[in-house]
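Student: I am new to this structure and would like a close look at one part of it. Could you take a single residue as the starting point and work outward from there to the helices and strands?

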Amino acid sequence: MEKILNYVNGAWQEPRSGMYLDNYDPSIGSVYSLIPDSDANDVSEAVTAALDAFPDWSAMPVERRSAVLQRIADLIDRDIDLLARAESIDNGKPLSLARSLDIPRASANLRFFATGALHFSSEAHTTGTDAVNYTLRTPLGVAGCISPWNLPLYLFTWKVAPALAAGCTVVAKPSELSPMTAYIFSKLCIEAGLPRGVLNIVHGIGPKAGQAIVEHPEVIAISFTGGTVTGKKIATTAAPMFKKLSLELGGKNPNIIFADCDLERALDISLQSSFSNQGEICLCGSRILVEKSLYNQFVEAFVAGTKKLKVGDPLEEGTDIGALISENHLNKVSGYIDLARQEGGQILTGGKRVIVKGRCAHGYFLEPTVIVGLDSECRTNQEEIFGPVVTIMPFDTEMDAVHFSNSTSYGLSASLWTENLKRAHRVSAQIKSGIIWVNCWLFRDLRTPFGGMKQSGLGREGGWEALKFFTDVKNVCVRL
Ligand code: NAD
């Protein structure tokens, strides 16, 4: 069985303990590879390698750093089929989605930050004729990057690329539930000639390997994407050590449909925003709010559209919904469907596990599920489910729509559908979410600030924000 290995100081290595974890293919429900069960010893070696590599990497002309990162991006593009297949098997997502979204975005992340770093500049402030102040930004040292399982290589590179482009060296940990593409990425780093120790990838579980990265005193900054509960734990450890923190956490995103919307488009994109990647995208709209006069028509058409989605073998052409990431997660999501029933919800379609014929008979598949009849305060409408499950609720007025949207402890993203321009601006300004999509969803410009409000996170990634995050900042005041 294939063994994934850690990537430390430019070479692959076994975990020092010799211990491995099972890695499941969720579409068949069995183990297909092994993952290092790394601990603080492996992390400590990785940090030492990153510290040793830091002086040369941070002092290297940015053009050279950029060139290496762009070479890695080229290799990702070259190996797109291999990576997409590996990610689909590792994660359960449709191969078509891995090929069209995840892997292209991984190389785009590298190119974006590699070229962005070439144009990065600092501010200067002249104080009349008395002084010149300038802002000096320098790479901050060893950064820790910890990523989740849902968009594995996409989010791994979203963190690692700006850190490396800014001149930091990195100790990274991908999720133990989908580590394969990060392992393949380490092969591409070697092939591209990334100097040893610049990036170190330590595989393993969060409370052991992840926690060791967060606790290590030489890791100056932590860039984390994952669940809100884990984010709290990381903040609890890192805050007293005064580490720089970027936390991208969970969401319970509203998708607001006004009666004056372009209904056909709103329906089409809402099906995507509800069920893409089995609903396992932090930005999925899990609460659909529909203006009362359109409610019945919308619900009927949305349910009809949901019933047409094909749940099946992720490797097969034409599959819309693949397997959930794990049996545990399948049980968690199914538990929320049971809760919705207990809370008085009516399941209009879905709600049951799917047994896919053939090689995927033991995979973790669930029908896309649409629930109505719940109020905005119930647990089903308050807690992140992170699966192919949406609720639909009617609203009377624009004020109600804003109120329902803001009624959870999360504030990651929101979509709204209206042809009324003034309303679009007005409502966008009132919704407490870090990203608002008007008449679209998941349309991303990597220059824009990305991140959540409230319990959806802390800090902003993307664009200059990400490059700035990985630098120390000082003001130099020169008296003239
Ligand atoms: P998770 O919090 O369980 O794990 C995320 C990562 O943190 C994994 O690599 C895990 O091993 C590690 N980890 C766990 N405990 C740790 C600890 N004590 N110290 C250090 N590291 C630790 O999240 P998940 O289940 O992998 O991902 C799903 C969650 O991620 C959802 O809540 C989703 O909304 C969120 N998410 C957010 C964004 C965003 O950009 N805001 C993007 C994707 C996913």
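Tutor: What follows begins at one residue in a helix, moves to the strands beside it, and then turns to other helix pairs and sheets.

Please keep in mind throughout that this is a predicted model. The starting point is Val-303, which belongs to helix 10, the helix covering residues 292–307. Is Val-303 buried or exposed? Its relative accessibility is 10%, and because buried means under 20% relative accessible area, Val-303 counts as buried. When the neighbours within four places in sequence are left aside, the residues in contact with Val-303 are Leu-348, Thr-349 and Val-370. Another residue to look at here is Thr-369, which is 66 residues from Val-303 along the chain, while the C-alpha atoms of the two are separated by 8.9 Å.

These partners lead on to the strands. Strand 15, made of residues 346–349, pairs with strand 18 in the antiparallel sense, and three bridges join the two. Within this pairing, Thr-349 has Val-370 of strand 18 as its bridge partner, and both of these residues are also in contact with Val-303. Strand 18 itself, residues 369–372, is covered on both faces, since Thr-369 and Ile-371 on one side and Val-370 and Val-372 on the other are all buried. Strand 18 is also joined to strand 19, residues 389–395, by four bridges, and these two strands run parallel. In that second pairing, Ile-371 has Thr-391 of strand 19 as its bridge partner.

Strand 22, residues 435–438, gives another view of how side chains can be arranged. In a regular strand the side chains alternate between the two faces of the sheet. Along strand 22, Ile-435 and Trp-437 point to one face and are buried, whereas Ile-436 and Val-438 point to the other face and are not buried. Strand 22 pairs with strand 21, residues 413–417, in the parallel sense over four bridges, and in this pairing Ser-413 has Ile-435 of strand 22 as its bridge partner.

Returning to helix 10, we can look at how this helix packs against helix 9, which covers residues 263–275. The two helices pack at an angle of about 55°, with their axes 10 Å apart, which makes helix 9 oblique to helix 10. Helix 9 passes helix 10 in a right-handed crossing. On the side of helix 9 the contact is made by Leu-263, Leu-267, Ser-270, Leu-271, Ser-274 and Phe-275, and on the side of helix 10 by Leu-294, Gln-297, Phe-298, Ala-301, Phe-302, Gly-305 and Thr-306. Sorted by class, the contact of helix 9 with helix 10 has eight nonpolar and five polar residues, with no charged residues.

Helix 5, residues 152–165, and helix 6, residues 180–192, also pack at an angle of about 55°, and their axes are 8 Å apart. That makes helix 5 oblique to helix 6, and helix 5 passes helix 6 in a right-handed crossing. In this pair, Pro-152, Leu-153, Phe-156 and Thr-157 of helix 5 meet Thr-181, Ala-182 and Phe-185 of helix 6. The contact of helix 5 with helix 6 has five nonpolar residues, two polar residues and no charged residues.

Helix 7, residues 206–215, and helix 8, residues 228–238, have axes that come within 9 Å and cross at roughly 35°, and their crossing is right-handed. Gln-211, Val-214 and Glu-215 of helix 7 make the contact together with Lys-233, Ile-234, Thr-237 and Ala-238 of helix 8. By class, the residues of this contact of helix 7 with helix 8 divide into three nonpolar, two polar and two charged.

Last come two open sheets. One has three strands in the order 6-7-25, with antiparallel pairing, and its edge strands are strand 6 (124–127) and strand 25 (471–479), each of which pairs on one side only. The twist of this sheet averages 20° from one strand to the next. Strand 7, residues 131–139, pairs with strand 25 over nine bridges, and Thr-138 stands opposite Asp-472 of strand 25. The other sheet has three strands in the order 1-5-4, with mixed pairing, and strand 1 (2–3) and strand 4 (20–25) are its edge strands. Strand 4 and strand 5, residues 30–36, pair in the antiparallel sense over six bridges, and helix 3, residues 80–91, lies across both of them, running at about 100° to strand 4.

How values were computed
Residues numbered from 1 in each chain as written. Predicted model: local features only at pLDDT ≥ 70, side-chain atom pairs only at ≥ 80, totals over all residues. Heavy atoms only, no water. Pairing = 2+ DSSP bridges. Contact = heavy atoms within 4.5 Å. Axes fitted to C-alpha atoms, helices over the stretch in contact; angles between N-to-C directions. Buried < 20%, exposed > 50% of the residue type's maximum accessible area, 1.4 Å probe, protein only. Parallel < 35°, antiparallel > 145°, perpendicular 65-115°, else oblique. Left-handed = near helix turned anticlockwise from the far one by under 90°. Nonpolar A, V, L, I, M, F, W, Y, C, P; charged D, E, K, R; others polar.
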